[in-house]
Amino acid sequence: MKTRYLIVFGFLGLIAAGAAFFTLPLAGGLNFADAVFTACSATCITGLTVIDPGSQLTRAGQIALMALVEIGCVGIMTLGTFFLVCTGRRLSLASEFSVSSAIGGTGVKGLKGLVVWVVLSMLAFEFLGAAALAKGLGVDWYSAAFYSVMSFCNAGFSLSPESLAPFRSQPFALCVLGVEVLLGGFGFLVLYNLCTIRFWQRNRVTRGRLSLHSRIVLISSFAFVALAFVIFMVCEWNTALAPFGWSERLAVAFFQAVTPRTCGFTVVPVESWHDVTRFLSEIMMFIGAAPGGAGGGIKVTTLVVTLATLAAIYRGRRTTVVLKRTVSEEIVRESFIIVVFYGAVIAAVMSALLVTESGRAGLSFENLLYEAVSATTTTGLSCGNTTRLLSLPGRLAIMVAMFVGRLGALSVVLLMAGKDEPESIRYPREEVVVG
């Protein structure tokens, strides 16, 4: 069986196993439909939910939820390769390509070490985040670990039905969780690059350098967060942020500027946001985080390459240049395919929701569109109770969106990496009028 199918069936198997466990009394005894939706959302690290994990899942069920999120974050193939490395088995070329594509590390030397680093670094960052919450706020270790895992993995499941509203008066907690969301969204390759640079050395050869990929991710991520922070502060100063003090406003605005890119946590409800803020959050969800990270969307690198290509076309240049580096035509083509792919999936999901949810109370066009974008980009934000109000066919459409959104970009890359079909026949060229 080809590797691409192993990845797909691996995720499907994980969803099935998680759903089966959630139906057991040990986990909470969810009905089959809710169990499947919860397992799919956790495995796809989305965070959309039709239940309250804090009250409807037992401690065993919540731990299983965290396990599904962790496995979904690190990826089926990456986790499997990690265990192969631990047992000393040799990686096949197909496995190396799949893992390197999943974490965005094609061509990275020492792939085995990188895979081990991915798993161990994820656990380390989550432990540090949990320790900061437990020691800094006195939160019990279990709750601290739960929120730390959900933040770094950009999942957005909460033990409270109000998401992170209980932390709205605790700027330290919001800053810790916001930083974890950012780190998880950077992608493991960027974190690996940052951690392997010897900043204290003057020799550039031995010190190492930030790759083009890392520079694009870091610059664009901070730029998007800064833009979202300013817009949220301006639009919500006298509305959603009105009940908060100065320090709390800054912390809430920072956190809400971070989460729409990757994570489904909210401090203030989405339905209370200004129309401009909600529209901006939809754009941020579509863009997403970085390749190889916990976030979804088209990815910031895809956007930068696409915009650089459009700028090159406007200037009459034949090559795409980003930060004084030329981007290959293959990457440019993949970027445009990914943008079109996600746009098409969102359009298809929205069309399905308009059919399945026609005439249902409380489900406006804007709410359904927000849900479709959130599910396809595996963000997990929802406007009001949209997710719980969906019909069974509507929930099925959302589950397909989450699954395709989680595997979409990776599947496109794997399909494009297949064997090239030789062009044995060349047809006559003729011009076509466009635009």
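Here is a walk through the charged pairs and two cysteines of this structure, which is a predicted model.

Let's start with charge. Side chains of opposite charge can pair when their charged atoms come close. How many salt bridges does a search of the whole structure find? It turns up three.

Take R395 and D34, whose side chains meet in a salt bridge with 3.0 Å from N to O. This pair links distant parts of the chain: R395 sits in helix α19 (residues 392-416) and D34 in helix α2 (residues 32-43), 361 residues apart. Try finding both in the model; R395 and D34 are both buried.

Now compare that with D275 and R278, where the N to O distance in the salt bridge is 2.6 Å. Here both partners belong to helix α14 (residues 275-287), and they are three residues apart, or about one turn of the helix. D275 is exposed, with a relative accessible area of 53%.

Then there's the salt bridge between E357 and R360, at 3.2 Å from N to O. Is E357 buried or exposed? E357 is buried, with a relative accessible area of just 2%, while R360 is partly exposed at 38%.

On to the cysteines. Searching the whole structure for disulfides gives zero. So why don't C40 and C44 form one? The closest cysteine sulfur to that of C40 is in C44, but because the two are 4.1 Å apart, they are too far for a bond; a disulfide needs the sulfur atoms within 2.5 Å. Both cysteines are tucked away, too: C40 is buried at 4% relative accessible area, and C44 is buried at 0%.

Technical notes: Residues numbered from 1 in each chain as written. Predicted model: local features only at pLDDT ≥ 70, side-chain atom pairs only at ≥ 80, totals over all residues. Heavy atoms only, no water. Buried < 20%, exposed > 50% of the residue type's maximum accessible area, 1.4 Å probe, protein only. Salt bridge = Lys/Arg side-chain N within 4 Å of Asp/Glu carboxyl O. Helix = DSSP H or I, 4+ residues; strand = E, 2+ residues; numbered from the N terminus.
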